[in-house]
Amino acid sequence: MARDHTSYVCQSCGSVHSKWSGQCTGCSAWNTLVQETFSTPPGGLKPETGKISRLNKLQFETLDSVDEAPARMITGVTEFDRVCGGGVVPGSAILIAGDPGVGKSTLLLQVTASAANQGLRIAYISGEEAVEQIRGRAARMGLSKAPVDLAAETGLRAILEALKREQFDLVVIDSIQTLWSDAVEAAQGSVSQVRACAGELVRLAKKKGTSVILVGHVTKEGQIAGPRVVEHMVDAVLSFEGERGYPFRILRGTKNRFGATDEIGVFEMGDSGLREVPNPSALFLGDRSERASGSAVFAGIEGSRPVLVEVQALVAPSAYGTPRRAVVGWDSGRLAMILAVLEARCGVAFGQKDVYLNVAGGLRISEPAADLCAAMALVSALTDTPLPRDCVVFGEISLSGDVRTVSRTEGRLKEALKLGFSSAVTAQNAMENPPLKVHGFNSLSEAISRLLPVDV
Ligand code: TYD
Ligand code: MG
């Protein structure tokens, strides 16, 4: 006999409550609790109960009993393999999260086709598109000949049976929100369904040594079962991002049990799918033939790669009582800090002016090393004085107005040299025998007075 029990599950954070209430005690969100009924069928799939059978005796092992690092499956899409930590680990589960329409299905079709062409046994199971639609897309992208096993299915039971029957190396489930398990009487796409389906697939992946890639849509409100609940179950979470209006797409590792998490893969969306961008600096720099005020080139590091990107600032008279401070691609708190340091330590005040800061190309910078570059772009915009031509800028700024050395100076300078830059502005003594001319400064005010010698 199947037994039913009802719970109220927060659709934002996934916490389970026995009674309904207006606010979730887990994440304090309002009106997110939804009634869900769980049933335990006789045999077959069972929801997790949390009890451990007395028969399963726990065995301890030593730390050094672990075998060598597992061999990785190389899919052949280099940018994807690098973000995974050098290929996909057999038996691992990966979540690819992103906004609807960013290009997750396109990326995974390319990854599966490339992996299948390398001789791996691959399945692509879509719950969103019909087989004909996927074939049509594959034909447009020139991937029709790849030996991928394709299916359109949303029933978890049918998928699990097929995966138990066949020995696949890699299975893509597009998307986890469309799957449906008959062990959970909650709506498709609800937190309980997503959690139950992901749990079963991850368990099977570990047992059979089949790697599973789950696609998860993120919604701004997190209303439709955010893939947040899945993040804890999988070995790696990769987010696929792109700014509207830009063709660039960035695959970023946010969790990885088998590799570094700060790695990025850069792609460009075109008419025949995604193109890998092995040298993103050239892409983010764009055309720099003119010397414009308010522009500075930042020599940054994304994961293991140096990336040069243009930081643009604009300072304009404010039409309102409270001036605007707008940032795209950088942290607005950091901008406020830099403006305060400029005012308090360097005597450069932006007062009643609007300030805009933009990172070109749709890239997001999170490194404090961009401080000096942002500050120089801001002062250059305020004074309408261009910075020296062919010069990159990097360095962290402290609240006292000092310029600090940052990590990987050599990598940054070498990338700048490679792309035709002739000098760099950074902290004093950042490196011995630098590969190009370095203007080193101890303080921000010193850098401003030397490079932008204009009264403000
Ligand atoms: P898709 O992979 O379906 O997004 P997701 O699975 O993340 O929802 O990609 C959808 C967008 O990509 C769509 O707006 C069209 C665009 N696109 C191209 O520009 N070129 C292409 O070759 C393909 C296949 C898609
Ligand atoms: Mg899709």
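Reader: Where is W30 found?
Author: Happy to start there. This is a predicted model in which local features need pLDDT of at least 70, side-chain atom pairs count only at pLDDT 80 or more, and totals for chains, interfaces and linings use all residues. Residues are numbered from 1 along each chain as its sequence is written, and side-chain values use heavy atoms, with hydrogens and water left out. Taking strands as DSSP runs of E with at least two residues, and helices as runs of H or I with at least four, numbered from the N terminus, W30 sits in the loop between β2 (16-17) and β3 (33-40).

Reader: Is W30 buried or exposed?
Author: Buried means under 20% relative accessible area, exposed over 50%, and partly exposed in between (1.4 Å probe, protein chains only). W30 has a relative accessible area of 59%, so it is exposed.
Contact means heavy atoms within 4.5 Å, and W30 touches G22 and Q23, not counting residues up to four places away in sequence.

Reader: What is the strand order of the open sheet of nine strands?
Author: Two strands pair if DSSP finds at least two bridges between them. The edge strands are β6 (149-152) and β13 (273-276), each pairing on one side only. Pairing is mixed, and the order reads β6-β5-β7-β9-β4-β10-β11-β12-β13.

Reader: Which residue in β9 does I94 stand opposite?
Author: Strand β4 (residues 93-98) and strand β9 (residues 211-217) run parallel, joined by six bridges. Across from I94 in β9 stands I213.

Reader: Why does the largest nonpolar core lie between domain 2 and domain 3?
Author: A nonpolar core is a set of buried Ala, Val, Leu, Ile, Met, Phe, Trp, Tyr and Cys residues joined through side-chain atoms within 4.5 Å. The largest one has 64 residues, with F284, W330 and L342 among those with the most contacts inside it. Helix α9 (residues 371-383) gives the most, with nine residues. The core lies between the domains, whose bounds come from an automatic or database domain assignment, because residues come from both domain 2 (78-278) and domain 3 (282-451).

Reader: Which residue forms a salt bridge with E263?
Author: A salt bridge is a side-chain nitrogen of Lys or Arg within 4 Å of a carboxyl oxygen of Asp or Glu. E263 is buried at 9% relative accessible area, and its closest N and O atoms to the partner are 3.5 Å apart. The partner lies in helix α1 (residues 78-83), 181 residues away in sequence: it is R82.

Key: Chains lettered and ligands numbered in written order.
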